[in-house]
Every structure is written in structure tokens, then in C-alpha cells.
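Dear colleague,

I am passing the structure on to you with this message, and the notes that follow it set out what was found. Please read them with the model open beside you.

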Amino acid sequence: GGDEDRRRRRRWQGRRRRRRRGGRAAGGEGEADGGGSDGETIRLYTAAWPVVGAGPFLGDWGGDVPLYDDGKINPTLLLETTLRLREGGASLERSYVAGGACIDHPHVDPRFEGDGRVRYIFMSWCNAEGESGSPPVGYCRFDRLTGKTQVWRAPPRTFCEEVVVIPRPAEAGRASAGGEEADVADVWLAGMMYSADVGRSCLAILDGDDLESGPVCRLWLRQAVPHGLHGCFVEELYGMAT
């Protein structure tokens, strides 16, 4: 009833006011550089809230559904955390990248998972302002080397689910000048999308090296698929009649 809704809203507002710096890690990739007497540098990329109150996991989004007080809710940003380890102690630096946009579920080419050579981070894209959370309506690619961001915006009333990064077969073109394998966005991105205009979902396939051009194909289903999280890619086919 109305009284219970008001009580839920007050509890949620209270959680938002009890803030401390922090974030929720929805994904990210680390790199370790250096070593020896100078120590090393560890860099981590995570999806994070700018602030988070005390309480259970996802407490700021508690209740049956998030309540958009004043039309806003905590945004999810791409946080770059740099930890420098030295003999005399350690230092910690934090900054938001990808233009400060509201994003979620960052992923990399799995061949470079936790590898300092990783260059590109792919994720869902919600809005450019990064002031409030909102449904994902596109996809984004962040280039760690240049700091540049590419965005593909879906058509109106289309909502985009989390991407799965699928490596393409190895090619000689991925080798760097030093002979080591390099991250050149040689991947496919697979993500479910729902069109409210047609009331159906599709599996979209995007080229990781040309994300701004949008899907290279859309595989439409006969019906809508409920919102979901996470996925994986395997080369084998299961449950298919031969």
C-alpha cells in the first residue's frame, strides 16, 4: 500500500545519505607493471558507484525496484584505480575514465584478461552525462592507450544487455613490433537487445574494431527475452539436432 511504499522510499533515501567513497565492482581488468627495488604498479578497471552507503550488497538499489528520487539514481562509472607499491609505502589514485559516462559491465578480450597489454575495454552504455543511472541504450569501447571512447547508440526504445567478448581466430596482424601478441580489438561483441517498438528481442553482433558502426547483424527472436546478466561463449553447439 501507500504507507509501505513511503517507508521503503524513506529507507532508500537514508541509505543514499549515509555515503562514503567506494564502488561496486561489476567487472574490470588489472595490469601489473614494473618490479624490482622500485616496486610495481597495479592498475584496475571496475564498474563503480561514485559513492555507496552502508548496507547490503546493492543496498543503494534496494527494494523491489530502484526509486529515482529527484529523477536520479546512483550512476555506474568506469573507475581506474592505480596502486603504486614502493619500499617506503604505497600510494592509491582513482579517476573516472570513458568520458565520465554512465556505463556497466566492462569486459576485455579474454586473451588479455589481467594482462598489462590489454588495451580495449567494452561495456554497456547508458548516458553521456554520468549524473544518474539509466537503462543501457548502447555500447561503448574505451581505449586505455589513447583515452578515447567510441559509442554506438541503439535506436530509440531499444535497450541493450551486457556484452560477451568473443575472440576472433589468431592472425599475424595482432603481433606488435616486438613480436608479442597485441590487443587490436580483434573480437566480436555479442549482446541481447530488446525493441519496445516491435516487442521482440534480438542477438546483436558488433565488430570490436568498428563499434561505432553498430551491429553487423541482428538475429531476431520470435518473442521478448527478460532482462538478464552475464554470459559466455563456447565454440561447441549443445542441444542441436544433427
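**Asp183 and its surroundings**

Leaving aside its neighbours within four places in sequence, Asp183 is in contact with Asp109, Phe112, Arg117, Val118, Arg119 and Tyr120. Before going further I should say that this is a predicted model, and what follows should be read in that light. Asp183 sits in the loop that runs between strand E11 (158-167) and strand E12 (187-195). Although it is buried, Asp183 has no salt bridge, and the nearest side chain of opposite charge, that of Arg111, is 6.5 Å away; since a salt bridge requires a side-chain nitrogen of Lys or Arg within 4 Å of a carboxyl oxygen of Asp or Glu, the absence follows from the cut-off. What the side chain of Asp183 does reach is backbone: the nitrogen of Tyr120 at 3.1 Å, and the nitrogen of Ala185 at 3.3 Å. Tyr120 is therefore named twice for Asp183, once among the residues in contact under the heavy-atom limit of 4.5 Å, and once through its backbone nitrogen.

**The chain as a whole**

The chain has one helix and 14 strands, and of its 242 residues 40% count as buried. Among the contacts between residues at least 6 apart in sequence, 57% join residues that are at least 24 apart. The surface that the chain exposes comes to about 13,600 Å², of which carbon and sulfur atoms supply 53%.

**The cysteines**

How many disulfides does the model contain? The count comes to zero, where the rule asks for a pair of cysteine sulfur atoms within 2.5 Å. Cys126 is in no disulfide, and the nearest cysteine sulfur, which belongs to Cys102, is 4.1 Å away. Cys126 is buried, with a relative accessible area of 8%. Cys217 is likewise in no disulfide, the nearest cysteine sulfur being that of Cys202, at 9.0 Å. With a relative accessibility of 30%, Cys217 counts as partly exposed.

**Strands E6 and E7 and the loop between them**

Two residues in this part of the chain deserve a look at their backbone angles. Ala98, which lies in the loop between strand E6 (89-97) and strand E7 (102-107), has a phi near 60°, a positive value in a residue other than glycine. Ala98 is buried, with a relative accessible area of 5%. His105 is found in strand E7, and its phi, near 55°, is again a positive value in a residue other than glycine. At 10% relative accessibility, His105 counts as buried because the limit for that class is under 20%.

Gly100 also has its place in the loop between E6 and E7. Is Gly100 buried, partly exposed or exposed? Its relative accessible area is 21%, and Gly100 is therefore partly exposed, as buried would require a value under 20%. Leaving aside its neighbours within four places in sequence, Gly100 is in contact with Leu77, Ala128, Glu129 and Gly130. The C-alpha atoms of Gly100 and Pro75, which are 25 residues apart along the chain, are separated by 9.9 Å.

With best regards

How values were computed
Residues numbered from 1 in each chain as written. Predicted model: local features only at pLDDT ≥ 70, side-chain atom pairs only at ≥ 80, totals over all residues. Heavy atoms only, no water. Buried < 20%, exposed > 50% of the residue type's maximum accessible area, 1.4 Å probe, protein only. Helix = DSSP H or I, 4+ residues; strand = E, 2+ residues; numbered from the N terminus. Lys, Arg positive; Asp, Glu negative; His and termini not counted. Polar contact = N/O pair within 3.5 Å; in protein donor to acceptor, adjacent residues only side chain to side chain. Areas by Shrake-Rupley, 256 points an atom, 1.4 Å probe, with all protein chains shown as cover.
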